[in-house]
Amino acid sequence: MTVRWGLIGASTIARQFMIDAIRAQADGEISAVMSSSPERATAYARENGIPLAVSTLDGLIGTDIDAVYISTTNELHLEQALAAIKAGKHVLCEKPLALTGADARKMVAAAKAAGVVLGTNHHLRNAGAHRAMREAIAVGRIGKPIAARVFHSVYLPENLQGWRITRPEAGGGVVLDITVHDADTLRFVLGDDPVEISAFAQTAGMAGGGLEDGAMCIWRFKSGVIAQSHEGFTTKFADTGFEVHGSEGSLIAKNVMTQKPVGSVTLRTAKGEEELSFDREDLYARSLRQFHAAIRGEGQPSATGEDGVWSLTAAEAALQSARTGKTVEINPKLESAA
């Protein structure tokens with residue numbers, strides 16, 4: 001069975017990563033793209049070899065596509081996802097799923113009721129580096145996990161700044177853009193759920209409109225692990241990284257908070273240092289492979305809708321903590337963790 005995709009949003013991320021990832025699947029093809037600008041939709045379709053360009057949501061979901069990839073601005077995700085789900089389409093949505101955890105839960109409930117697959121595009125789960133770290137922790141190579149650190153402060157390229165640094169109503173700001181990823185990555189690698197967070201936010205010269213362009217967070221997890229994360233749009237010369245420290249060893253990963261299958265992971269124990277090997281598969285291609293398998297009834301997407309609720313709830317709690325100066329509980333209000 002061929003999975004026919006419709007793109008909701010003529011976006012940079014789709015052009016750079018998702019179009020190739022869909023076409024890398026033996027059973028994947030892109031049938032249509034939607035942009036609210038007819039001119040942009042037409043130009044995007046022509047430049048990327050997509051057969052159909054439309055400018056309305058109904059025009060897209062009214063076609064014979066099987067699934068949609070949503071990469072519009074954050075405030076549009078809920079309406080677009082619910083419309084696609086109602087039309088019986090499977091949905092892979094960019095993070096955050098919506099602007100609030102409550103709205104994200106509506107998406108999860110709607111997809112479950114309709115019997116369609118809902119996935120959150122948390123691409124970092126698909127990185128070989130993070131899967132190698134998760135496996136090493138799961139089999140006890142660092143003993144009992146104690147603490148973690150995530151370095152995910154970068155420089156937001158000018159072509160991606162736009163609404164992310166100017167439009168609070170669209171869900172801009174570094175927390176909904178990057179902290180949401182770190183919440184999911186910590187949860188995935190540690191195999192543990194965050195229960196509370198304390199956060200500081202800053203405006204370091206890029207963002208306006210009351211939005212934050214930097215954040216530092218302290219997390220506590222169900223097992224007692226504590227973690228810190230640094231997210232930013234304004235650090236031109238920073239590296240990214242991820243460390244997990246346990247009772248018998250440490251995992252030190254460099255240049256791994258990225259969309260590309262790069263970086264390194266070092267295991268440090270009493271025996272010395274060992275560089276972990278891991279696959280270098282394209283993160284988005286792997287995500288699409290698992291999503292197609294989920295459509296066939298074989299397992300789940302790399303990150304489910306429930307996972308998206310968790311990460312968004314964590315980001316909401318971070319924003320609340322930064323605003324109030326208080327530690328905030330993280331409660332996704334799901335029946336069970338994904």
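This note goes through the overall form, the nonpolar core and the salt bridges of a predicted model.

1. Overall form. The chain contains 10 helices and 15 strands. Its C-alpha trace spans about 60 × 45 × 40 Å along the principal axes. A compact globule of 338 residues would have a radius of gyration near 20 Å, and the chain, with 19 Å, agrees with that.

2. Burial and surface. Of the 338 residues in the chain, 56% are buried. The accessible surface comes to about 14,300 Å², and carbon and sulfur atoms hold 49% of that area.

3. Contacts along the sequence. Among contacts in the chain with a separation of 6 or more, 68% are between residues 24 or more positions apart.

4. Nonpolar core. The largest nonpolar core has 103 residues, and L7, W219 and F242 are those with the most contacts inside it. Helix α8, residues 174-190, gives the most to this core, with 10 residues. As a general point, nonpolar side chains in soluble globular proteins tend to be buried together.

5. Surroundings of L7. Neighbours within four places in sequence are left aside here. L7 is then in contact with A14, I19, I22, I30, A32, V33, M34, Y44, I50, L60 and Y69.

6. A salt bridge between distant parts of the sequence. The count of salt bridges comes to 18. One of them joins the side chains of D177 and K95, at 3.3 Å from N to O. D177 lies in helix α8 and K95 in the loop between β5 (90-93) and α5 (101-114), so the pair ties together parts that are 82 residues apart in sequence. Both D177 and K95 are buried.

7. A salt bridge within one helix. The side chains of D103 and K106 also meet in a salt bridge, at 3.3 Å from N to O. Both residues lie in helix α5, three residues apart, which is about one turn of the helix. D103 has a relative accessible area of 19% and is therefore buried, the cut-off being under 20%. K106, at 47% relative accessibility, counts as partly exposed.

8. E281 and R289. These two form a salt bridge in which the closest N and O atoms are 2.3 Å apart. E281 counts as partly exposed at 25% relative accessibility, and R289 counts as partly exposed at 38%.

9. A salt-bridge network. R125, D184, R187, D193, K222 and D307 are joined into one network by salt bridges that share partners. In general, side chains of opposite charge can pair when their charged atoms come close.

Note on methods. Residues numbered from 1 in each chain as written. Predicted model: local features only at pLDDT ≥ 70, side-chain atom pairs only at ≥ 80, totals over all residues. Heavy atoms only, no water. Core = buried A, V, L, I, M, F, W, Y, C linked by side-chain atoms within 4.5 Å. Buried < 20%, exposed > 50% of the residue type's maximum accessible area, 1.4 Å probe, protein only. Helix = DSSP H or I, 4+ residues; strand = E, 2+ residues; numbered from the N terminus. Contact = heavy atoms within 4.5 Å. Salt bridge = Lys/Arg side-chain N within 4 Å of Asp/Glu carboxyl O. Rg over C-alpha atoms; globule rule 2.2 N^0.38 Å. Areas by Shrake-Rupley, 256 points an atom, 1.4 Å probe, with all protein chains shown as cover.
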